[in-house]
Each structure stands twice: as C-alpha cells, then as structure tokens.
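User: I'm new to this one. Could you walk me through it and show me how each label is earned?

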Amino acid sequence: MKLEYDASKPIYEQIIDKIKKMLVRGELEPGDKLPSQRKMAKKAEVNPNTIQRAYREMENMDLVETKRGLGTFIKEDDKIINDISEEMAKKTVEKFINEMKSLSFDEKEVLQIVEEKLNKN
Amino acid sequence: MEITKNNVVELKNIRKKYSGVEALKGINVDIPAGKITGLIGPNGSGKSTMLKIIAGLTQATGGKLEVFGKKLDYNLKDQIAFLPEINHFYDWMTIAEIINFTNTQFSNFDSEKASDITDFMNLNSEMKIKNLSKGMVGRVKLILAMSRNVPLIIMDEPLAGIDPKSRAQILESLINEYNAKTQSIILSTHEVLEAEKFFDYAIFLENGKIKLEGNADDLRKEKNKSIQDISKEVFI
C-alpha cells in the first residue's frame, strides 16, 4: 500500500481513506485481516504511531475490530461497505458541485451538463 | 523497558546564555514519550543548544529539566543516544573500527543491529572515514545512534548538507529501526519537507523561543497545511 501523501492533510486520515477505497472497490472484504501495524507502517512508509492512530480511529468508527492476539479485521457487516460507498459518492458530488459553483454555474446549468454527459456515455 | 510516563522530557523555563547572548529565552515544553518529535527552526534558533541540554552535554543557565521523569544525572546519560551535527570521527578509522570502538563505549550498543543497518545503507565497512562523502558520514552517524538500545535518541540535524539519496536512506532506516513501544526520538531539522511525514509531534523554535507546538496530524487538520507550510507561516 504505497501512498502518495498530501502533506497538508492528516496522514492517518489518508490511510483510513485508502482502506475505505479498497473496501468499496472490493480489494478488501469484510472479515479480511489487516496487516500488523508494524508491517503496515513499513508498507505505507510512515511512522508506526500514525498507523496505530489510523487503526484506533477505524475501531472507533466500527469499521474494524481488534481480536486479542489475532490482529485487526474488517468488521463482518455488509452495511459498512454500503455506508462507505454512499459517503464517498456524496463527498465526490459535493466537491463537484462546489467546483461548479465557483465557476458560477447555477443549479439548472449543472444539472443540464450532467444529464448531457450521462446520456452521451 | 516499556514506556510508562507520558513525557520523556520536560523543560520548565529553560534558559541558556553564552557569553552574554541568550540562546534560549525560557523554554517550556513537554516532549511526548514513544513518539518521534521534530524540532523545527531556522539556523541559529537554539535547536542545537536545546538538544545538548536535554542530552546533558551542556548545562542550562536556568530552569528545570526532567528526563524520564527524573533530574538528569550520569546514570541516565547512558540511556540517551546523541547524534551530533558535526563530523566527530577520526578520519583514519574505518567504518568497522568506529562501530567496534562505539561498541566498547556503551553497554547498550547492539553490534548485530549495527551491521544490519550498515548493509541496508549500502556501506562498505572497510572504507575509511576520510574517503567517505558527507552523505556517507551522515549514514554512519545514524547507524551508531540507532544501534543503541536506549529509550531516548536525540539527533541534531541528521539531514543537513546531505544528498537526497542519503537523506532518503537515513529516514528509511530510522523508521525501520524505531521501536515505538520503547523509544522516543527527538530530531532537529531545518529541512522539513522530507522528514515531516515521520513526525508525531512538531515543535517550532525561533530566536530561543517556542513559537508553536503540537501533534503533527492535528496541526495539519487545524491549519489545512503541511508542517513545511506551517513553518513558513510561523517563521516570518
């Protein structure tokens, strides 16, 4: 999991986002075991404390669970993936809308362009 | 030795005067245990002085210093590895000789680790110091510091004046060898760009005073900026 980091954003959040993306794309599945924190730190080329924080946050988000002596696993709950897909879709659209607004397109125009593009595809 | 205290170092109103010049003007800071702390500041900001005081290599003119929750004394100094900014080696010695010599000086030196890191760094241990580039000397210094099994490692400008390839190798082996369960690292640098992703905690020092400090990721989140850009904002 080599990452190109955006140094202006928290690194632990970028690691969580990467894992979420892997889940949505099916590269990771519920029940899968995540690499140990030490291994992950080496792979991602970051400080092991940053990985620890990412894992801890994902536990708080109910995305993963740590089983004592066994490691950290993606929770076996398909709803999680749906929630993440939805969340990521919303974020992408939000970003798009803000960008279009900054270019001074109004709602109607935005909708029109999206519809045109979708029909073309 | 597992870490039990929250802070590895606590400085309270630490001052240092050199022949009338105030290098440190009352430093108050707690350095978290089990973390990598970046001490960031321009040349002449007091970084070296602060690190030397923590390592017990020079005395503060005033204030209170605690390391591992205690007043610094001779026994504790053995628990601190210090990587100096200058090239402090005899230039007729080979890398292997320096490693062996260092091994005789410290009971907590791990020769096996030293030879592993030497291999990782692509260094030929039969080379003499006088034939090494600045980047290679920088790598040797890192080998010696990271091969000590100690709870606190202090590095004074380990990246300064070093070629990009050596800088990358130094940072990579630092992070490979670092044990977050038992060790704390304090590293000073004025080159933030490459090092910042390894910092847990950042302290910005200028003119002998602390300008800003905090968890690196929290600072990024709060300011929407990289540590590098925050340093540009802090040091005007």
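**Domains, helices and sheets**

Analyst: Sure, starting with chain A: its domain assignment gives domain 1 (11-76) and domain 2 (79-120), where the bounds come from an automatic or database domain assignment. Keep in mind that this is a predicted model, where local features need pLDDT of at least 70, side-chain atom pairs count only at pLDDT 80 or more, and totals for chains, interfaces and linings use all residues. Residues are numbered from 1 along each chain as its sequence is written, and chains are lettered from A and ligands numbered from 1 in the order in which they are written.

User: How far apart are the C-alpha centres of domain 1 and domain 2 of chain A, and how many residues are in contact?

Analyst: The C-alpha centres lie 28 Å apart. Across the boundary, 6 residues of domain 1 of chain A are in contact with 5 residues of domain 2 of chain A; contact means that the C-beta atoms of two residues, placed from the backbone, lie within 7 Å. On the domain 1 side, that gives 4 nonpolar, no polar and 2 charged residues. For those classes, Ala, Val, Leu, Ile, Met, Phe, Trp, Tyr, Cys and Pro count as nonpolar, Asp, Glu, Lys and Arg as charged, and the others, Gly among them, as polar.

User: What makes α1(A) roughly perpendicular to α4(A)?

Analyst: Take helix α1 (residues 11-24) and helix α4 (residues 78-102) of chain A: their axes come within 9 Å and cross at roughly 115 degrees. Axes are lines fitted to C-alpha atoms, for helices over the stretch in contact, and angles run from 0 to 180 degrees between N-to-C directions. The scale goes like this: under 35 degrees is roughly parallel, over 145 roughly antiparallel, 65 to 115 roughly perpendicular, and the rest oblique. That is why α1(A) counts as roughly perpendicular to α4(A). A:K20, A:L23 and A:V24 of α1(A) make the contact with A:I81, A:I84, A:S85 and A:M88 of α4(A), and by class that is 5 nonpolar, 1 polar and 1 charged.

User: And why are α1(A) and α3(A) oblique to each other?

Analyst: The axes of α1(A) and helix α3 (residues 48-60) of chain A come within 9 Å, but cross at roughly 55 degrees. That value falls in none of the named ranges, and therefore the pair is oblique. Here A:I11, A:Y12, A:I15 and A:I16 in α1(A) meet A:T50, A:I51, A:R53, A:A54, A:E57 and A:M58 in α3(A), a contact of 7 nonpolar, 1 polar and 2 charged residues.

User: How do you know that β1(A) and β2(A) pair?

Analyst: Count the bridges: strand β1 (residues 64-67) and strand β2 (residues 71-74) of chain A share 4, in the antiparallel sense, and pairing asks for at least two bridges found by DSSP. A:E65 stands opposite A:F73 in β2(A). Their hairpin has 3 residues between the strands, and A:G69 takes a positive phi near 80 degrees there.

User: Over in chain B, what makes β2 and β5 edge strands?

Analyst: They belong to an open sheet of 4 strands in the order β2-β1-β4-β5 (chain B), with antiparallel pairing. β2 (21-32) and β5 (70-71) of chain B each pair on one side only. Strand β1 (residues 7-18) of chain B pairs with β2(B) over 9 bridges, and B:L11 has B:V29 as its bridge partner in β2(B).

User: Which strands stand at the edges of the sheet of 6 strands in chain B?

Analyst: That open sheet runs β6-β7-β8-β3-β9-β10 (chain B), with mixed pairing. β6 (80-83) and β10 (209-215) of chain B have a single partner strand each, so one side of each is left without a neighbour in the sheet. Strand β9 (residues 201-206) of chain B is joined to β10(B) by 6 bridges, running antiparallel, and B:L205 stands opposite B:I210.

User: Why is α5(B) called roughly parallel to α6(B)?

Analyst: Their axes come within 9 Å and cross at roughly 10 degrees. Set against the cut-off for roughly parallel, that value is under it, which means α5(B) is roughly parallel to α6(B). This contact has 4 nonpolar, 5 polar and 3 charged residues.

User: How many residues of chain B are in contact with chain A?

Analyst: 18 residues of chain B are in contact with 12 residues of chain A. The chain B side divides into 5 nonpolar, 4 polar and 9 charged.

Note on methods
Helix = DSSP H or I, 4+ residues; strand = E, 2+ residues; numbered from the N terminus.
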